[in-house]
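Biologist: Please take a close look at the ligand site in this model and work outward from there. I would like each cut-off stated where the term comes up.

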Amino acid sequence: MDKVVDYDVKDLSLAGEGELRIDWASREMPVIRSIRERFAGEKPLKGVRISACLHVTTETANLALALKDGGADVALCASNPLSTQDDVAAALVGFGIPVYAIKGEDEKTYYQHIGAALDHQPQITLDDGADLVATIHKERQHLITGILGGTEETTTGIIRLRSLQDEGRLRYPIISVNDADTKHFFDNRYGTGQSTIDGITRATNILWAGKRVVVIGYGWCGRGIAMRARGLGAHVIVTEVDPIRALEAVMDGYQVMSSREAAKLGDIFITVTGGLNGLDRAHFRLMKDGAIMANSGHFNVEIDIPALESMARGKRRLRPFVDEYTVDDGRRLFLLGEGRLINLAAAEGHPASVMDMSFANQALSVEYIVKHGKELEPRVYPVPKDIDREIGRLKLLSMGITIDTLTDAQRKYLDSWESGT
Ligand code: NAI
């Protein structure tokens, strides 16, 4: 153990197991590894206090260790009560990083842990869902003068931060990691796509082939889930509220219909809208006996659980992450992972290879904030394009893939407006 640190984790004796799994993930994270090596030599984050609210997984551990090797003083709490890997939390404490996260913590403990991470007086915040920034703006405003900037990992967090910005109340600059091409093209699509299917499979052991799977929301995550469910032989139905996304789903070859129509047909329903009540009482009334519901959107508000509870005349847990609700007319509806993001609740979240790019954006954005935070206004900024492209280049390099470069003549042609032929 590096030094004695403050912490609240489930069981420190799990640290050995966590270390092995962190090391395993690191094999699939060559970009973060190369950043970590550079950071260890250059110490660009020397003495910078960072509070991070992220899913406490093996991949996050590799990010935290890269930041620490860069000289930062990192404290970590969970961005979801069910997403913590307790062995990883223990291992990070062993590496000298204060961690406040226990899988299955109740809501009160979840917010106490956010408070504990903020007690470290951050100069930079790393958020996944904007709970850290929201807490600072609501309850810890005195911290703001010491904060250089922050980053945000996910779509829902960016929506919350833009709304804070639009009300003129965002008080420090945030870099939107989610909007980097090397983040949402890959993490949201391939990461959430694969790991959502993985979470549902681990929770239920269902056979996907031949099932009718209803994907609610055809954004970056929805596209990935639909694609992977189809790959397993499911019949995929998409529901949307955006006409262009709906049209895209039609032309990608899926059945598109209203959610009420889909409610009658689906065997498995997966919400990924980032919004409220994609599935509600009206849908529950129409669903078949045995329908399964899971959510992969950030918060547990996409399935109207209070409505389901109020309709139920019986509820029992059949196996971990599977709750059976018997509704008033006797039909049984199954809710997975208490409606929390199923890929993290019942599986391990995104594969390391994809988090390599997301977290490379985090690490390089932190370095950017250290260098330029003072010049930035309190608003949401994109990840600088050169960082995004560099991560793409490094990832390809790590895969041993070479691509072409434009010749001078090709570049000149593309840059000019005169020549049409
Ligand atoms: P997105 O903005 O690309 O897509 C959301 C889609 O849902 C949009 O096309 C929107 O029109 C649609 N939508 C909104 N309300 C709807 C409704 N009531 N019915 C049907 N469609 C509706 O967002 P993205 O990137 O796909 O993220 C979705 C959610 O997943 C967010 O909460 C995000 O934070 C979360 N997320 C979860 C991850 C995980 O590990 N489980 C990873 C990345 C993102």
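Modeller: Starting at the ligand, one of its oxygen atoms has a polar side-chain atom of glutamate 240 at 2.5 Å. This is a polar contact, meaning a pair of N or O atoms within 3.5 Å; within protein, one atom must be able to donate a hydrogen and the other to accept it, and residues adjacent in sequence count only if both atoms are side-chain atoms. The model is a predicted one, in which local features need pLDDT of at least 70 and side-chain atom pairs count only at pLDDT 80 or more, while totals for chains, interfaces and linings use all residues. Residues are numbered from 1 along each chain as its sequence is written, and side-chain values use heavy atoms, with hydrogens and water left out.

Asparagine 343 also has a polar side-chain atom by a ligand oxygen, at 2.8 Å. For histidine 350, the separation between a side-chain N or O atom and an oxygen atom of the ligand is 3.2 Å. Of the 860 Å² that the ligand exposes when taken alone, the protein buries 85%. Areas of this kind come from the Shrake-Rupley method with a 1.4 Å probe, and for residues only the protein chains shown count as cover.

The ligand occupies the largest pocket. A pocket is defined on a 1 Å grid over the protein atoms alone, as an open set of points where a 1.4 Å probe fits, with protein on both sides within 12 Å along at least five of seven lines. A molecule sits in a pocket if more than half of its atoms lie within 2 Å of the grid points.

The shell around the ligand holds 26 residues, and the closest are Thr154, Thr155, Thr156, Glu240 and Ser296; a residue belongs to the shell if one of its heavy atoms lies within 4 Å. At least two shell residues come from each of α7 (155-166), α8, α9 (220-231) and α14 (342-345). Helices are DSSP runs of H or I with at least four residues, strands are runs of E with at least two, and both are numbered from the N terminus.

Helix α8 spans residues 181-204 and includes asparagine 188. The side chain of asparagine 188 makes a polar contact of 3.4 Å with that of threonine 155, and Thr155 is itself one of the closest residues to the ligand. Beyond four places in sequence, asparagine 188 is in contact with Thr155, Asn178, Lys183, Gly193, Trp220 and Cys221, where contact means heavy atoms within 4.5 Å. Asparagine 188 counts as buried because its relative accessible area is 2%; buried means under 20%, exposed over 50%, and partly exposed in between, with a 1.4 Å probe and protein chains only.

Further out, asparagine 295 belongs to strand β11 (residues 292-295). With a relative accessible area of 0%, asparagine 295 is buried. Its side chain lies 3.1 Å from the backbone oxygen of phenylalanine 299. Outside its own stretch of four places either way, asparagine 295 touches several residues, including Thr271, Asn300, Arg340 and Ile342.

The loop between β14 (332-336) and α14 contains glutamate 338. Glutamate 338 has a phi near 55°, which is positive although the residue is not glycine. Most residues other than glycine have a negative phi. Glutamate 338 is partly exposed, as its relative accessible area is 34%. Alanine 130 likewise has a positive phi, of about 70°, without being a glycine. Alanine 130 sits in the loop between β4 (124-127) and α6 (131-139), and at 2% relative accessibility it is buried.

Helix α10 (residues 243-251) has a polar contact at its start, where a side-chain oxygen of aspartate 242 comes within 2.8 Å of the backbone nitrogen of isoleucine 244. Just after α10, glycine 253 has a positive phi of about 100°.

One more loop, between β2 (73-77) and α4 (86-94), holds serine 79. Serine 79 is buried, at 2% relative accessible area. A polar atom of the serine 79 side chain lies 3.0 Å from the backbone nitrogen of histidine 55. Among the residues that serine 79 touches, beyond four places in sequence, are Cys53, Tyr110, Asp128 and His298.

Note on methods: On a 1 Å grid over the protein atoms alone, a cavity is a set of points where a 1.4 Å probe fits but cannot get out, and a pocket is an open set with protein on both sides within 12 Å along at least five of seven lines; lining residues have an atom within 4 Å of a point.
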